[in-house]
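User: I would like to go through the labels given to parts of this structure and see how each one follows from its value. Please set the value against the criterion each time.

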Amino acid sequence: MSLPSKATTSLLRHAGRQQLPALRSSAALVQKRNRADSPFDASTSHAEFTSPFHRGTRNEQDTTVIPNWGKYRSSSSETGNKLFQYFMVGSFGGLTALGAKNTVQDFLVNMSASADVLAQAKVEVDLSQIPEGKNVIIKWRGKPVFVRHRTADEIKEAEDEDWKKLRDPQPDEDRVKKPEWLVMLGVCTHLGCVPIGEAGDYGGWFCPCHGSHYDISGRVRKGPAPLNLEIPEYDFPEDGLMVIG
Amino acid sequence: MSGLLNTIYTAFVRRNAVFLTTIFVGAFATEMVFDSGSNLIWDSINRGRQWKDIKHKYMSNGGGGDDEGDDDDDE
């Protein structure tokens with residue numbers, strides 16, 4: 001770059017800078033006039049502002065000045081402050097997580113069955129009271145449950161049946177947990193009557209409403225019922241005791 | 001002091017995964033401590049009045065569900 005051009009650029013720059021105070025003074029003038037127009041404007045009447053971007057008392061702007069933030073600096077160490085911040089963030093995040101978890105848990109617990117419902121949902125049966133070849137009807141969740149202590153002959157009869165040809169084919173071992181104990185819901189699968197025990201053409205149950213016959217395994221053999229008698233959930237927690245439900 | 005703080009910082013806060021894990025584990029621990037602590041306070045205030053305190057008077061011989069079979073109440 002030649003010398004004359006350098007001189008012109010510096011001159012131009014100078015001129016540009018010189019123009020600023022002129023602008024500034026005119027702006028101040030406008031402000032002054034505004035102030036005179038509205039003497040009751042309390043917000044601007046006594047405001048004084050010294051910009052931190054000025055060096056000394058001169059009024060011209062100097063963008064290279066970095067204001068002194070010393071007044072705002074923390075006196076303790078950086079790590080300690082950082083740790084305190086992260087600790088607060090973390091602990092409040094943890095509290096929020098706890099709250100969220102408990103909210104979700106409350107909703108889920110609310111949906112599950114309450115203790116009184118659960119207590120009524122199970123029935124204990126003392127099996128030693130039921131002699132061989134006898135039926136017992138138990139009320140469970142508002143429905144009758146048939147418990148039959150089957151004899152060896154009946155077990156053999158139920159197992160030897162050609163179950164594949166039945167309307168609702170099911171082998172006997174799928175319907176009992178212990179072959180001597182047959183446990184079924186006493187609700188006819190046709191329209192929900194209660195079948196009569198030790199009756200019907202097949203030595204099992206007979207529904208008087210529409211004449212469905214069930215065999216000694218509770219499988220439908222004759223009549224309008226579409227399915228075998230339903231098997232509820234049951235278990236033998238110890239000898240001579242059965243829990244339905 | 002600053003060395004200790006630095007150790008804590010690098011151990012727990014530096015990596016975000018570690019930081020989050022610390023938060024969740026801390027929340028879990030806080031819950032357990034809070035729950036068992038409040039249970040302790042409750043039990044100490046109501047000492048002698050709860051079923052578990054007077055159970056031995058009514059359920060003398062262990063096992064044998066004589067009168068009322070199920071006794072799974074309180075808490």
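Analyst: Angles under 35 degrees count as roughly parallel, over 145 as roughly antiparallel, 65 to 115 as roughly perpendicular and the rest as oblique. The model to which this is applied here is a predicted one.

User: Why are helix 3 of chain A and helix 2 of chain B called oblique to each other?

Analyst: Helix 3 of chain A, residues 78–111, and helix 2 of chain B pack at an angle of about 55°, and their axes are 9 Å apart. Angles under 35 degrees would be roughly parallel and those from 65 to 115 roughly perpendicular, with the rest oblique, and therefore the two helices are oblique to each other. The crossing in which helix 3 of chain A passes helix 2 of chain B is right-handed.

User: Which residues of the two helices meet there?

Analyst: From helix 3 of chain A come Gly90(A), Gly93(A), Gly94(A), Ala97(A) and Leu98(A). Among the residues that they meet in helix 2 of chain B are Phe19(B), Ile23(B), Phe24(B), Ala27(B) and Glu31(B).

User: How do you know that the span of helix 2 of chain B is close to the expected one?

Analyst: Helix 2 of chain B comprises residues 16–45, and its 30 residues reach 43 Å from the first C-alpha to the last, which is close to the 44 Å expected at 1.5 Å a residue.

User: What makes helix 2 of chain B hardly covered?

Analyst: A residue is buried if 20 or more other C-beta atoms lie within 10 Å of its own, and among the 30 residues of helix 2 of chain B the count of buried residues is two. For chain B as a whole, 3% of its 75 residues count as buried. Chain B has three helices and zero strands, and along the sequence its pattern reads α-α-α.

User: What makes strand 1 and strand 9 of chain A edge strands?

Analyst: The sheet is open, and its three strands stand in the order 1-10-9 in chain A, with antiparallel pairing. Strand 1 (123–126) and strand 9 (234–238) of chain A each have a single partner strand, so one side of each is left without a neighbour in the sheet. From one strand to the next the twist averages 30°.

User: How do you know that strand 10 of chain A pairs with strand 9 and with strand 1 of chain A?

Analyst: Two strands pair if there are at least two bridges between them. Three bridges join strand 9 of chain A to strand 10 of chain A, residues 241–244, and four bridges join strand 1 of chain A to strand 10 of chain A, so the criterion of at least two is met in both cases. In strand 10 of chain A, Ile244(A) has Val123(A) opposite it and also Tyr234(A), while Leu241(A) has Glu238(A) opposite it. The hairpin of strands 9 and 10 of chain A has two residues between the strands, and Gly240(A) takes a positive phi near 75° there.

User: Why are Arg141(A) and Glu198(A) called partly exposed?

Analyst: A residue counts as buried at 20 or more C-beta neighbours within 10 Å, as exposed at 12 or fewer, and as partly exposed in between. Arg141(A) has 14 such neighbours and therefore counts as partly exposed, and Glu198(A), with 13, is likewise partly exposed. Arg141(A), in the loop between strand 2 and strand 3 of chain A, has a positive phi of about 50° although it is not a glycine. Glu198(A), in the loop between strand 5 and strand 6 of chain A, also has a positive phi of about 50° without being a glycine.

Technical notes. Residues are numbered from 1 along each chain as its sequence is written. Chains are lettered from A and ligands numbered from 1 in the order in which they are written. This is a predicted model: local features need pLDDT of at least 70, side-chain atom pairs count only at pLDDT 80 or more; totals for chains, interfaces and linings use all residues. The expected span of a helix is 1.5 Å times one less than its number of residues. Axes are lines fitted to C-alpha atoms, for helices over the stretch in contact, and angles run from 0 to 180 degrees between N-to-C directions. A crossing is left-handed if the near helix is turned anticlockwise from the far one by less than a right angle, and right-handed if clockwise. Two residues are in contact if their C-beta atoms, placed from the backbone, lie within 7 Å.
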